[in-house]
Amino acid sequence: MEEWVCTVYGYIYDPTGGIEPRMSFADLPEDWVCPECSWGKDLFERTLRVQARSCHKL
Ligand SMILES: [Zn+2]
């Protein structure tokens, strides 16, 4: 599952997490802002959920 993390505050946007309408990050409106820090989408970076057994450093 694809997640997006806010590089400012660390907020993780998870489209299956039950917050917001369940939209993929790319489908959010351009004026959507982080609910934690109110910065825009351009401050988010895509991250992939890592399985517990693969412990590579990011
Ligand atoms: Zn944020």
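How many helices and how many strands make up the secondary structure of the protein? Switch to cartoon view and count: there are zero helices and three strands. Bear in mind as you click around that this is a predicted model.

**Stop 1: the whole chain**

Colour the cartoon from the N terminus onwards and you'll see the elements run β-β-β. Now colour by burial. Of the 58 residues, 9% count as buried. If you draw the contacts with a separation of 6 or more, 61% of them come from residues 24 or more positions apart.

**Stop 2: the sheet**

Select the three strands together. They form an open sheet, and its order is β2-β1-β3, with antiparallel pairing. The edges belong to β2 (12–13) and β3 (44–48), each of which pairs on one side only.

Next, pick residues 2–6, which are strand β1. Five bridges tie β1 to β3, and the two run antiparallel. Show sticks for a couple of the facing pairs: Trp 4 sits opposite Arg 46, and Cys 6 sits opposite Phe 44.

Then look at β1 and β2. Here the antiparallel pairing spans two bridges, and Val 5 is the residue facing Ile 12. Follow the chain round the hairpin of these strands, where five residues lie between them. Stop at Gly 10, which takes a positive phi near 90 degrees.

While the strands are still selected, a general point about side chains is handy: in a regular strand they alternate between the two faces of the sheet.

**Stop 3: the nonpolar core**

Which residues make up the largest nonpolar core? Select Trp 4, Cys 6, Tyr 13, Cys 34 and Phe 44, and you have the five of them.

Now centre on Trp 4. Leaving out residues up to four places away in sequence, Trp 4 touches Tyr 13, Phe 25, Phe 44, Glu 45, Arg 46 and Thr 47. You've met one of these already: Arg 46 is the residue across from Trp 4 in β3. Tyr 13 and Phe 44 are core members along with Trp 4.

**Stop 4: the loop between β2 and β3**

Select Pro 35, which is found in the loop between β2 and β3. Is Pro 35 buried or exposed? Pro 35 counts as exposed because it has 12 C-beta neighbours inside 10 Å, and the cut-off for exposed is 12 or fewer. Try the distance tool from Pro 35 to Tyr 13: the two are 22 residues apart along the chain, and their C-alpha atoms are separated by 9.5 Å.

Move on to Ser 38, which also has its place in the loop between β2 and β3. Ser 38 has a positive phi of about 70 degrees, although it is not a glycine. For context, most residues other than glycine have a negative phi. Ser 38 counts as exposed too, because there are 9 C-beta neighbours inside 10 Å.

For a last distance, go from Ser 38 to Val 8. They are 30 residues apart along the chain, with 9.7 Å between their C-alpha atoms.

Definitions and conventions. Residues are numbered from 1 along each chain as its sequence is written. This is a predicted model: local features need pLDDT of at least 70, side-chain atom pairs count only at pLDDT 80 or more; totals for chains, interfaces and linings use all residues. Two strands pair if DSSP finds at least two bridges between them. Helices (H or I, at least four residues) and strands (E, at least two) are DSSP runs, numbered from the N terminus. A residue is buried if 20 or more other C-beta atoms lie within 10 Å of its own, exposed if 12 or fewer, and partly exposed in between; C-beta atoms are placed from the backbone. Two residues are in contact if their C-beta atoms, placed from the backbone, lie within 7 Å. A nonpolar core is a set of buried Ala, Val, Leu, Ile, Met, Phe, Trp, Tyr and Cys residues joined through C-beta atoms within 7 Å.
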